[in-house]
2 protein chains.
Amino acid sequence: MIATDSVLLTDLYQLTMLQTYHAERMHETAVFELFTRRLPLERNFLIAAGLEQVLDYLENLHFTAEELDWLADCGRFGPDFIAALATFRFTGTVHALPEGTAFFANEPVLRVTAPLSQAQLVESRLINLIHFQTVIASKAARCVLAAPDKLLVDFGMRRAHGAEAALLAARAAYLTGFAGSATVLAGIKFGIPLFGTMAHSLIQAHDREEDAFERFAIAQPGNVVLLIDTYDTEAAAHKLVKLAPRLREYGITIKGVRIDSGDLAEHARRVRRILDAGGLAEVTLFGSSDLDEYRLRELLADGAPFDGFGIGTRLDASTDAPTLDLVYKLQDYAGRPRRKRSEGKATWPGRKQVYRQTAADSAFIGDCLGLEDQPRPGDSLLIKVMEHGRRLQPPEPLAVIRNRTRAQLAALPVALRAHQPAPPYPVTIAPELYELAARLDREAH
Amino acid sequence: MIATDSVLLTDLYQLTMLQTYHAERMHETAVFELFTRRLPLERNFLIAAGLEQVLDYLENLHFTAEELDWLADCGRFGPDFIAALATFRFTGTVHALPEGTAFFANEPVLRVTAPLSQAQLVESRLINLIHFQTVIASKAARCVLAAPDKLLVDFGMRRAHGAEAALLAARAAYLTGFAGSATVLAGIKFGIPLFGTMAHSLIQAHDREEDAFERFAIAQPGNVVLLIDTYDTEAAAHKLVKLAPRLREYGITIKGVRIDSGDLAEHARRVRRILDAGGLAEVTLFGSSDLDEYRLRELLADGAPFDGFGIGTRLDASTDAPTLDLVYKLQDYAGRPRRKRSEGKATWPGRKQVYRQTAADSAFIGDCLGLEDQPRPGDSLLIKVMEHGRRLQPPEPLAVIRNRTRAQLAALPVALRAHQPAPPYPVTIAPELYELAARLDREAH
């Protein structure tokens with residue numbers, strides 16, 4: 001059984017290209033950079049995420065006997081080439097933006113320096129891993145900016161695109177400041193705090209709503225969050241006021257209620273009044289139902305007294321911007337800078353670095369995309385994280401990445417933190433990069 | 001190491017609800033139905049997909065010792081409940097629309113009939129599996145309708161949302177009529193034909209574009225599809241005309257070229273002329289670059305002489321409609337129909353069936369959502385596929401599903417096959433269903 005994270009989770013053309021490189025003995029060093037050509041209209045900044053999964057992948061990359069057998073049997077590849085794959089490992093160097101770093105168009109998130117075949121083969125999965133978590137972290141960061149003081153929980157597993165998306169969405173949301181996730185396996189794999197309430201079916205399976213509330217509270221005394229919109233939201237709130245004293249006799253406190261339908265702001269205000277008048281001022285209000293950063297802003301602007309929100313579908317699929325134009329391009333091979341000149345898709349050649357200038361209070365002033373060996377003023381954002389195919393540091397704790405993201409969001413220009421499209425953050429291209437590109441174009445003619 | 005497809009890939013609330021049901025000994029039969037409350041504006045119909053993965057999941061569902069240990073250690077669950085989970089299996093019945101069936105709002109895709117805890121626990125993953133493949137199959141079907149005579153290939157792995165999404169997108173696209181995928185592992189797992197060309201990096205890594213073409217052709221003589229837009233598309237086409245006779249001496253034929261940037265239609269016309277004039281009329285043209293059904297229609301309306309297309313990002317993330325409002329709701333418990341009455345989210349209660357009326361030529365006339373035990377005119381679309389937790393038939397070959405999808409697309413009303421929003425397909429609600437809902441509402445007051 002070949003695993004889902006097999007080295008063969010790649011595009012066929014990677015293998016056919018590798019066969020060509022093998023036949024030609026093209027084993028010199030290649031430099032590929034991973035970057036986005038433009039931001040979606042709906043995003044003023046992106047948050048880098050997915051690096052740990054990339055490093056795991058590169059450290060473990062190899063072909064199993066079963067995979068080699070499949071390649072031999074499929075009829076597309078020669079025995080020499082397959083024999084070479086048996087000892088294939090990734091032995092290269094990786095530079096990357098630390099996870100949680102804000103970045104912009106044209107700025108490399110990752111640079112791979114390795115023998116051509118190694119750097120080529122990993123393209124499809126590297127994009128796949130960085131792309132998805134960056135999509136989600138960038139969306140989640142906007143939710144955090146919309147409701148900075150609220151408890152935000154990832155509720156999106158069911159409408160995430162498959163199993164891995166559900167797990168990695170929980171991770172990406174958490175590292176940008178979400179409090180946790182409802183997805184149990186994400187809690188296990190990444191140590192993310194878990195949150196959960198109940199579904200409408202629990203209420204419906206009981207003949208009386210008040211019985212459902214009471215029995216759930218008794219079975220889960222430590223975490224009594226009750227869903228109150230199955231039939232009539234305000235009537236359910238009144239039932240809780242009646243139920244609370246009886247539960248208190250068992251030593252059980254109602255911790256919160258969740259509202260999942262209708263006019264959320266209006267229901268929240270009414271329920272808050274009912275609970276407060278009934279001596280349940282400490283019960284928190286949790287909202288859900290197709291939420292995202294736009295709805296959060298509306299609800300909070302409308303004075304809805306929610307303490308937290310479950311954010312599902314629109315987060316885990318980043319529905320307003322589900323993909324990025326993230327690409328992985330050859331910038332240097334065998335010591336010579338390379339440039340793709342396709343219309344609308346030309347690249348900046350060479351080994352590049354992102355130089356970021358900041359003010360005394362750490363606020364971002366502007367970035368410069370330059371060459372690595374010709375430093376510009378500012379901090380160099382790309383850090384060496386892997387050498388000889390091995391991590392240089394152990395995986396970063398998510399708490400460290402959360403702190404970094406928080407600092408980055410605070411340092412972004414204010415207009416970029418809003419949800420409206422803002423004038424782009426200033427990213428200048430270093431003159432030496434223009435010159436290099438021009439020189440390569442001249443030499444090609 | 002707990003696997004990605006663990007039973008714990010679920011929402012925490014499923015487990016807390018199960019603990020409640022365990023404490024209350026609520027083990028009677030529940031009926032849940034999976035359906036979408038509405039179609040996205042961008043979809044006139046949906047294509048059901050993902051059933052085989054659901055049946056695999058249900059047949060294999062159990063808790064491993066490691067998973068039980070985690071549950072015991074997390075402090076949320078009692079020892080009695082955990083002991084009960086050790087023998088947990090899915091023993092229920094499943095009715096479903098066969099994969100490839102066209103369906104509409106409110107129509108169940110799947111119905112689960114099982115003891116309450118079993119039917120409840122599987123909710124999150126069942127939605128996750130059916131949702132994603134249905135999203136992709138519905139998108140892919142629109143591409144097939146836009147370019148029915150062209151070779152369509154899934155190119156989307158890199159921007160699919162994670163590993164599983166990449167694999168299942170390839171499957172969903174293939175079952176609606178795509179010719180295959182570039183994703184190697186999807187070929188291995190599902191027997192899907194594989195297609196591939198080359199990336200720009202192969203061209204760039206050579207000092208001369210014509211050398212790259214020649215060497216790739218010699219290394220891959222059986223599948224020479226060359227990417228010609230790295231520098232100057234028409235110049236590259238002229239290089240091929242020069243190269244072809246030399247390759248012919250080696251017995252190698254250029255099979256096709258791919259164009260990936262610029263004005264695709266204009267480039268295709270020019271390249272076609274250059275190749276035809278150069279004696280390469282048999283070389284096929286393959287287009288890629290942010291394609292979807294809208295772009296395919298434009299290109300073909302514009303007379304672009306393409307033979308096939310690689311469709312990536314916009315297919316694998318279904319960017320114009322990345323999610324569906326797909327839900328899984330309790331419709332009957334312990335022999336009593338149940339109804340959720342939340343504002344805007346009320347459900348039709350009871351065990352339902354979709355009755356579809358067709359004309360003599362098989363064209364769809366209209367559907368009726370009715371009760372299973374009160375048949376209406378037309379074909380019953382939900383079929384029993386699992387009983388006592390076991391499949392009733394072996395998995396359907398993808399070829400069978402492809403034929404079904406083709407027939408379904410041909411039977412759809414013409415307006416629904418267009419890409420513009422069309423008046424909704426007629427789905428009536430049986431009078432007995434209105435009556436049942438009204439009776440339940442009356443009894444609740």
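These legends describe close-up views of a predicted model.

**View 1. Helix 10 of chain A packs against helix 11 of chain A**. Helix 10 spans residues 209–219, and helix 11 spans residues 233–249. Their axes lie 10 Å apart. The angle between them is about 40°. The two helices are therefore oblique to each other. Their crossing is right-handed. Helix 10 of chain A brings Glu209(A), Glu210(A), Phe213(A), Glu214(A), Ala217(A) and Ile218(A) to the contact. Helix 11 of chain A brings Ala236(A), Lys239(A), Leu240(A), Leu243(A), Arg246(A) and Leu247(A). Seven of the residues in this contact are nonpolar and five are charged. No polar residue takes part.

**View 2. Helix 1 of chain A meets helix 10 of chain B**. Here the contact runs between chains A and B. Helix 1 of chain A covers residues 12–24, and helix 10 of chain B covers residues 209–219. The axes come within 9 Å and cross at roughly 100°. That makes helix 1 of chain A roughly perpendicular to helix 10 of chain B. From helix 1 of chain A come Thr16(A), Met17(A), Gln19(A), Thr20(A), Ala23(A) and Glu24(A). From helix 10 of chain B come Arg215(B), Phe216(B) and Ala219(B). The residues of this contact divide into four nonpolar, three polar and two charged.

**View 3. A salt bridge joins Asp207(A) to Arg336(B)**. Side chains of opposite charge can pair when their charged atoms come close. In this pair, the closest N and O atoms are 2.9 Å apart. The pair crosses between chains. Asp207(A) sits in the loop between helix 9 (200–205) and helix 10 of chain A. Arg336(B) belongs to strand 13 (residues 336–337) of chain B. Asp207(A) has 58% relative accessibility, so this residue counts as exposed. Arg336(B) is partly exposed, at 37% relative accessible area.

**View 4. Arg341(A) and Asp441(A) form a salt bridge within chain A**. The closest N and O atoms are 4.0 Å apart. Arg341(A) lies in the loop between strand 13 (336–337) and strand 14 (352–358) of chain A. Asp441(A) lies in helix 17 (residues 431–444) of chain A. The pair therefore ties together parts that are 100 residues apart in sequence. Arg341(A) has a relative accessible area of 22% and is partly exposed.

**View 5. Glu387(A) and Lys384(A) meet through their side chains**. They form a salt bridge, with an N to O distance of 2.8 Å. Glu387(A) is partly exposed, at 28% relative accessibility. Lys384(A) is also partly exposed, with a relative accessible area of 33%.

**View 6. Salt bridges link residues of chain A in a network**. The members are Arg43(A), Lys139(A), Arg142(A), Glu293(A) and Asp320(A). Over all chains, the count comes to 83 salt bridges.

**View 7. Asp260(A) is a buried residue in a loop**. The loop runs between strand 9 (256–259) and helix 12 (264–277) of chain A. The relative accessible area of Asp260(A) is 10%, under the 20% cut-off, so this residue counts as buried. Leaving out residues up to four places away in sequence, Asp260(A) touches His200(A), Leu227(A), Asp229(A), Ser288(A) and Ser289(A) of chain A. Asp260(A) also touches Lys345(B) of chain B.

Notes. Residues are numbered from 1 along each chain as its sequence is written. Chains are lettered from A and ligands numbered from 1 in the order in which they are written. This is a predicted model: local features need pLDDT of at least 70, side-chain atom pairs count only at pLDDT 80 or more; totals for chains, interfaces and linings use all residues. Side-chain values use heavy atoms; hydrogens and water are left out. Axes are lines fitted to C-alpha atoms, for helices over the stretch in contact, and angles run from 0 to 180 degrees between N-to-C directions. Helices (H or I, at least four residues) and strands (E, at least two) are DSSP runs, numbered from the N terminus. Angles under 35 degrees count as roughly parallel, over 145 as roughly antiparallel, 65 to 115 as roughly perpendicular and the rest as oblique. A crossing is left-handed if the near helix is turned anticlockwise from the far one by less than a right angle, and right-handed if clockwise. Contact means heavy atoms within 4.5 Å. Ala, Val, Leu, Ile, Met, Phe, Trp, Tyr, Cys and Pro count as nonpolar, Asp, Glu, Lys and Arg as charged, and the others, Gly among them, as polar. Buried means under 20% relative accessible area, exposed over 50%, partly exposed in between (1.4 Å probe, protein chains only).
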